[in-house]
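Let's walk through this structure together, starting from one pair of side chains and working outward to the whole chain.

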Amino acid sequence: MTQPLILASGSEIRATLLRNAAVDFTVSKARVDEEMVREALLSEGATPRDIADTLAELKARKVSEKHPGALVLGCDQVLDHRGTLLSKPRTQEQVRAQLRDLRGDRHSLLSAVVICENGQPIWRHVGIVRLRMHEISDEFLDDYVTRNWDSIRHSVGGYKLEEEGVRLFSRIEGDYFTVLGLPLLELLSYLTLRGDLKR
């Protein structure tokens, strides 16, 4: 990297994706009241895409203002099910209710990434993946949540495709990295075009 790259996220999976791609970076988690911002945007009629993009930019800006000269990467992911935005579940009952609503149906994951430099956005991308869930039984759903709660409680949809959650799905249309919360191919292409990464 010709400029320092900072990941404004505490997400271990995003950090792992960057490390696995041999990208040098540091982490500085942004302190943003995501729930308050999301509720304000929803009350204004913002689309799921706009919400993901706005939250990613807020995180990047906040950290970028403290680190002049660095490239700061802000990320956010939302789940859109028939126009309803789902949030990270707080209880096992909430995740069970979400998964009951999603089963047998299609939903979208939108993963936004924004790069800020000196407090200003210089690049952004929103990746979209469409997923269709099997008609899973109540018994399997209950067992799945009980077995995986410690892991899926931090996931917006109540599942992780890189784990047992892949068994819930019959079809996935889109990029795997976007499902994990970071449109990695687009990000790497941008950093390469800038000359920050060598090809």
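In what kind of contact do the side chains of Glu34 and Arg38 meet? In this predicted model, they form a salt bridge, with 3.8 Å from N to O. Both residues belong to helix H2, which covers residues 34-43, and they sit four residues apart, about one turn of the helix. How covered are the two partners? Glu34 has a relative accessibility of 27%, so it counts as partly exposed. Arg38 has 12%, and because buried means under 20%, Arg38 counts as buried. The pair also belongs to something wider: Glu34, Arg38, Lys59 and Asp76 are linked in a network of salt bridges.

Now please turn to another pair. The side chains of Asp138 and Arg103 meet in a salt bridge at 2.7 Å, N to O. Asp138 lies in helix H5 (residues 138-152), while Arg103 is in the loop between helix H4 (92-102) and strand E5 (106-117), so this salt bridge ties together parts that are 35 residues apart in sequence. Asp138 itself is partly exposed, with a relative accessible area of 44%.

A further pair is worth a look. Glu164 and Arg167 join their side chains in a salt bridge of 3.6 Å, N to O. Glu164 is buried, at 18% relative accessible area, whereas Arg167 is exposed, at 53%.

These pairs are part of a bigger count: the structure holds 16 salt bridges. The chain carries 28 positive and 30 negative side chains, and the centres of these two sets lie 3 Å apart.

Let's step back to the fold. The chain has seven helices and seven strands, and along the sequence they follow the pattern β-α-β-α-α-β-β-α-β-β-α-β-α-α. The radius of gyration is 17 Å, close to the 16 Å that the globule rule gives for 199 residues, so the chain is as compact as a globular protein of that length. Along its principal axes, the C-alpha trace spans about 55 × 40 × 25 Å.

What do the contacts say about the chain? Taking contacts between residues at least 6 apart in sequence, 69% join residues at least 24 apart. As for cover, 49% of the 199 residues count as buried. On the outside, the chain exposes about 10000 Å², and carbon and sulfur atoms supply 47% of that area.

Definitions and conventions. Residues numbered from 1 in each chain as written. Predicted model: local features only at pLDDT ≥ 70, side-chain atom pairs only at ≥ 80, totals over all residues. Heavy atoms only, no water. Helix = DSSP H or I, 4+ residues; strand = E, 2+ residues; numbered from the N terminus. Rg over C-alpha atoms; globule rule 2.2 N^0.38 Å. Buried < 20%, exposed > 50% of the residue type's maximum accessible area, 1.4 Å probe, protein only. Contact = heavy atoms within 4.5 Å. Areas by Shrake-Rupley, 256 points an atom, 1.4 Å probe, with all protein chains shown as cover. Lys, Arg positive; Asp, Glu negative; His and termini not counted. Charge placed at Lys NZ, Arg CZ, Asp CG, Glu CD. Salt bridge = Lys/Arg side-chain N within 4 Å of Asp/Glu carboxyl O.
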